[in-house]
Amino acid sequence: MTQNIVPFSLKDAPSLIEKVLPAQKLSLEVFKEREGRQSQTLTALGSYWKGRKPLVLNKACILGSLLPASQNLKEDLEVFELLMAMDDESFIVRWGHPDPDSIVGSVPMPNLYDYFVVDYPEELPGATPLNVEDFKLEDGSVPSFRWREDVAEEDVRRLELDYIARISYRDRMEKSKRAELVYTEVHSHIWKRVNSHLGTDAASFPELVQQLGLMRFGRTPRVADTFSGSGQIPFEAARLGCDVYASDLNPVACMLTWGALNIVGADEEKRQAVREAQQLVFSRAQAVIDDLGIEKDDKGATAKVFLYCVEATCPESGWTVPLLPSRIISKGHMAIVDLEPDASRKRYNVLVRRGVSVADFKAAGVGTVVDGAMVHSPSKGKTFRTKLATLRGDYQDASGGAPKNKLRAWGRGDFDFTAADIFRERLYAVQWQFVVQVNGREKTVTEFRSVTADDEVRELAVKDYVSSHLADWQRQGWVPSSQIEQGAETSRLLKERGWTHWHHLFNPRQLLVFGLYNQFGSADTKFALFQALNNNCRLSRWHPYSGVGQTVGVFDNQALNTLLNYGCRGWSFLGSFLLQEYRNYPIGGGQQLVQENRPAAAIEIENDIYVTDPPYGDAVAYEEILDFFISWVEKNPPEEFGKWVWDSRRALAVRGEDDDFRRAMVSAYKAMREHMPDNGIQVVMFTHQSGSIWADMANIIWASGLQVTAAWYVVTETDNALREGSYVKGTILLVLRKRGGNQRTYQSDLAWELEQEVNDQVATLTGLNQQTRSLYRDENLFSDADLQMAGYAAALRVLTKYSVIDGKDMASEAQRPRVKGQKTLVDELIEFAVGVANQALVPGGIEKPHWDRLQPAERFYLKMLDLESFGAKTLDNYQNFSKAFKVKDFRPLMASEKANSARLKSAAELGRAEMNESSELYNTPLRGILYGVMELGKDRDGDEVVAHLAHNIPDFYNHQEVVTELADYLSKKLEALRPDEASNARVLRDLVRNQRL
């Protein structure tokens, strides 16, 4: 370290994240990481934990908090993008180097022969760019190019950069790797520029972080996350070189964070030890399973998957019926099961058929459970139908309360259904794996078969083994013995199956294999165990349409749902979970990594930077569902996890959105404020879910003694067929500092201050948009959504710096319990501030006085049309602006609500709709204009259209100037979207303009 590094020289400097953040680019980076799904860096440790904030987002927050904001924000941004691998040269590495053919087709050069060898029989023009299709020969071949060996490296790099610079950021992301996947190469070019700008002397992230920490805090910065969850934030902080403090109330979260730091962040020696530990445990369990002979048939085939279903007795016919929602078992094998009536035993034989016709396969999609009822026909002409609720014996007793039923409540010693139970369990098919000879070579194949008498003998052997070992295994803590605490997610287990203990969620085979694995395992193997538990229990759905079929994780939908049929993996098929190969990013030595299992409010260590993702309005009841895993460790945790409380401690969990939640949040953030230096900084992440969120967060911030300094919106979006609609997830980043002093003001004095602050903030970012536009790309660094969020932040920045408003102590006011339907002072202030922020976002082409007179739905439609004209089509924009403009329901105005291809209805699509008093566009100038545009599209006479316009717009003649302006606005915005409609808008504009004249 050089003498240039002066401790505390940046002590009072604003952080970059308080002034600027490339949220649009960051959103694309976040989405790229999300697309990795199971290949994300920490997912292999516990894919069941869904609330993960992407590592690239965490990196941006940490670096943005450390980096100073100077007077030259443009250069600050460029340096930040170098560190984030968002710059052009980094994309050469992330892309994998553009190929010569692409460069010739895009980059201007006076003579391509100076750089390339051309594979083509004829002489080509020297100047580029060239479209090789213009030189296609009769045989279909086109010119191809390769670099000349004598071309200097700097010339290659210059042309590659020129090519990359011409590609939009969105298009780059589609073809490039995540920066972390080329971590060692992607930053090699940045350090000279970074050091020159920052006055540092670093050649790596740990060196840079240490130096910036010394300049800002006088030490290596300590980054804390008191809701550490899956460990994403602590891991990224440690990877960057920060000291780390991580805590969480839930021990499973603590375990995942430990794994991130000690397995993914381990050196090669430790990683090899993990591999050997996994293999040893797997082999020891395999030996017992082989000795029992419960997974091989007499010809040496190995069972890959066992398919089980619930069965019940029909109360009308007395037949025992397998409860199958579908008879399909494998799309890849075109395999189904047929039900053969056995009248002598009053039950059905289940017969597997493979390679069936498309018609038979489709017909098999209907099973014996239809619309919540058991349906079967043991003979032609008679169908029996009984609701599952009737089978269970659901009833409501005189005392009221939750409904009850006649299912037997299982005991601690139970592990299987009994013959007397209403619901029982049946093995109905097995997928076998074996080796065959094909053209003299061995090939492993699989096939589904019907259950045989030998299979049933093996099933009995499994049950006998579990029966003789269960009590001892429960005493040792190798299988669960704890009761299921009733809750919103867990109560259905008792109601729908009679299950009362966590081991009831696992069938005898699963208890056997996991009991063996757990007793032989260590801390390093618990991660693989939990992944296997998630994918192999009575709640693991069988997905017949995925290849030849596979089991699906219990927590794919973050719920504990009972199933009528499920897949149970054989031991060999569990290897993909139990023999994990984790990603590796060694964390350098010398850092302090402190991890604790405690509530956020109980923090005792001072930290410089807090980056947290609290459970605001969290729809996932982690405090309930994670008992599923806790039950396998609680009695006998490994030494490394021994200091943690292996209990979910539901009563202490921070959850919900009510007053108790807000009080818990205040306690947590007040504790963090008290345990950070005066120049410390916090970044709070939360999902934008409800209209009350800004008031809620302002309450929490005020009561915690903090104030907002910035806010950013980062979005990831995806279309999810399972949701049958649109699923959009956006994250708001709130940047906070300690609130100093005891400033006072009055609401009447806030107006001018809010307006000035908001306008200044929006003007700053708008100016940066102009400064940072690339030479070859017409891309804005900040979208309107960013400007809107920045306006909100500016408003909150003004509000939360005051301790007393209108003589009321805001910390006390913020903790006042909410009364449903009643607005608090905070609600009113936030509503006022947000209104001021939205007023700053007037689309170009509309005069502000006219804009101010428009109705909310008009503003929404016009603003979103503006965004559509620039190619924006993500649903989150429509959701955010509808809330911002106070539109009650924006959906009637939408032609599509898909997450990635949302759009407004055209004038033609609106037709005659939204004309009545119930519409938010009723009697507005915009609705009249759109109706007129629609009529002109039907070739209506111009005079007739104007007459209708005058009828549809009250006081039309005093609105003609507005009508002319809005029609002109529509004509310009629609030109690229719907040219015919744009032309009709111009005609309407001219008709109204001529009438005025």
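These legends go with a set of close-up views of one predicted model.

The model is predicted, so local features are given at a pLDDT of at least 70, side-chain atom pairs count only at pLDDT 80 or more, and totals for chains, interfaces and linings use all residues. Residues are numbered from 1 along each chain as its sequence is written, and side-chain values use heavy atoms, with hydrogens and water left out.

**View 1. Helix 3 is largely enclosed by the rest of the structure.**
Helices here are DSSP runs of H or I with at least four residues, strands are runs of E with at least two, and both are numbered from the N terminus. Helix 3 covers residues 73-83, and eight of its eleven residues are buried. "Buried" means under 20% relative accessible area, "exposed" means over 50%, and "partly exposed" is in between, using a 1.4 Å probe and protein chains only. The buried ones are L73, D76, L77, V79, F80, E81, L82 and L83. After the helix comes A85, with a positive phi near 60°.

**View 2. The largest nonpolar core has 171 residues.**
A nonpolar core is a set of buried Ala, Val, Leu, Ile, Met, Phe, Trp, Tyr and Cys residues joined through side-chain atoms within 4.5 Å. Which residues have the most contacts inside this one? They are L83, F530 and F628. Helix 12 (residues 251-264) gives the core its largest share, ten residues. Now pick out F530: leaving out residues up to four places away in sequence, F530 touches Y48, V252, M255, F629, W632 and V633, where contact means heavy atoms within 4.5 Å. Another core, of 50 residues, lies apart from the largest one, and M676, V708, L734 and L750 are among its members.

**View 3. Aromatic rings pair up, and there are 40 such pairs in the structure.**
Rings of Phe, Tyr and Trp (its six-membered ring) pair if their centres lie within 6.5 Å; planes under 30 degrees apart count as stacked, over 60 as edge-to-face, and the rest as tilted. F641 and W646 make a tilted pair, because their planes are at 45°, with the ring centres 6.3 Å apart. F641 is buried at a relative accessible area of 0%, and W646 is buried too, at 7%. F956 and Y957 pair edge-to-face, at 5.1 Å centre to centre and 70° between the planes. Is each partner buried or exposed? F956 counts as buried at 3% relative accessibility, whereas Y957 counts as exposed at 56%. Elsewhere, ring pairs join Y48, W502, F506, F514, F530, F555, F628, F629 and W632 into a cluster.

**View 4. Two arginines place their charged ends over rings.**
A charge sits over a ring if NZ of Lys or CZ of Arg is within 6 Å of the ring centre and within 35 degrees of the ring normal. R94 does this with F91, 4.5 Å from the ring centre. R239 sits over the ring of Y585, also 4.5 Å from its centre.

**View 5. Some loops hold backbone angles to look out for.**
T128 and P129 are joined by a cis peptide bond, with omega about 10°. P129 is in the loop between strand 1 (116-119) and strand 2 (144-147). R649 is not a glycine, yet its phi is positive, about 45°; look for R649 in the loop between helix 22 (627-630) and helix 23 (659-674). E914, also a residue other than glycine, has a positive phi near 60° and lies in the loop between helix 32 (907-910) and helix 33 (925-937).

**View 6. Helix 31 is mostly covered.**
Eight of the ten residues of helix 31 (residues 875-884) are buried. They are L875, D876, N877, Y878, N880, F881, S882 and A884. Just past the helix, K886 has a positive phi of about 60°.

**View 7. E965 is a buried residue with no salt bridge.**
E965 is part of helix 35 (residues 960-973). A salt bridge is a side-chain nitrogen of Lys or Arg within 4 Å of a carboxyl oxygen of Asp or Glu. Lys and Arg count as positive and Asp and Glu as negative, while His and the chain ends are not counted. So how far away is the nearest side chain of opposite charge? That side chain is R853, 8.6 Å from E965. Setting aside neighbours within four places in sequence, E965 is in contact with G845, I846, E847 and H850.
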